[in-house]
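Got your viewer open? Let's take a short walk through this protein, one selection at a time.

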Amino acid sequence: MEQTAVLELGQKMMEVVVMLSAPLLLPALIVGLLVGMFQAATQINEMTLSFIPKLAVVAVAVVVFGPWMLDVWLSFTRELWQNIPVLIGLAN
């Protein structure tokens, strides 16, 4: 029982990590790809040209998705705290 609870916890933890990182990584990846295509087409090799737009998009994504991400993180933390007796074997 304890081992399955730990495995379920690990699986849930990985799901939460993907859910929290995707809203920030995907827009940065898309903007990085678009800026890279622009740099290749214009042959402008300025490092700040790729960094500044990605930084701005991630900042906007934090503002847009931040409340949802905080809710996911807090619900996982609450669930983790509530399941501590099960995880250490004190309850069934």
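## First stop: S75

Start by selecting S75, which is partly exposed, with a relative accessible area of 36%. It counts that way because the value lies between the 20% limit for buried and the 50% limit for exposed. Colour by secondary structure and you'll find S75 in helix α2, which covers residues 47-82. Now add L26 to the selection and draw a distance between the two C-alpha atoms: S75 and L26 sit 23 Å apart in space, with their positions 49 residues apart in sequence.

## Zoom out

Keep in mind as you look around that this is a predicted model. Show the whole chain as a cartoon. How many helices and strands does the protein have? There are three helices and zero strands, and reading along the sequence gives the pattern α-α-α. The radius of gyration is 20 Å, well over the 12 Å that the globule rule gives for 92 residues, so the protein is more spread out than a compact globule. Turn the view along the principal axes and you can picture a box of roughly 65 × 25 × 15 Å, filled by the C-alpha atoms.

Switch on the surface next. The accessible surface comes to about 7,000 Å², and 73% of that belongs to carbon and sulfur atoms. Of the 92 residues, 14% count as buried.

## Into the core

Hide the surface and select V16, L20, M69, V72 and F76 as sticks: these five residues make up the largest nonpolar core. Helices α1 and α2 each supply at least two residues of this core, and α2 gives the largest share, with three.

Stay on V72 for a moment. Which residues does V72 touch, leaving aside those up to four places away in sequence? The partners are V16, M19 and L20, and two of these, V16 and L20, belong to the core you just selected.

## Last stop: Q39

Move to Q39 in helix α1, a helix running over residues 2-42. Is Q39 buried or exposed? With 15% relative accessibility, Q39 counts as buried, because that value is under the 20% cut-off. Show the neighbours too: beyond residues up to four places away in sequence, Q39 touches I44, E46, L49 and S50.

To finish, turn on contacts for the whole protein. Among those between residues at least 6 apart in sequence, 69% join residues at least 24 apart.

Definitions and conventions:
Residues are numbered from 1 along each chain as its sequence is written. This is a predicted model: local features need pLDDT of at least 70, side-chain atom pairs count only at pLDDT 80 or more; totals for chains, interfaces and linings use all residues. Side-chain values use heavy atoms; hydrogens and water are left out. Helices (H or I, at least four residues) and strands (E, at least two) are DSSP runs, numbered from the N terminus. Buried means under 20% relative accessible area, exposed over 50%, partly exposed in between (1.4 Å probe, protein chains only). Contact means heavy atoms within 4.5 Å. A nonpolar core is a set of buried Ala, Val, Leu, Ile, Met, Phe, Trp, Tyr and Cys residues joined through side-chain atoms within 4.5 Å. The radius of gyration is taken over C-alpha atoms; the globule rule is 2.2 Å times the number of residues to the power 0.38. Accessible areas come from the Shrake-Rupley method with a 1.4 Å probe; for residues, only the protein chains shown count as cover.
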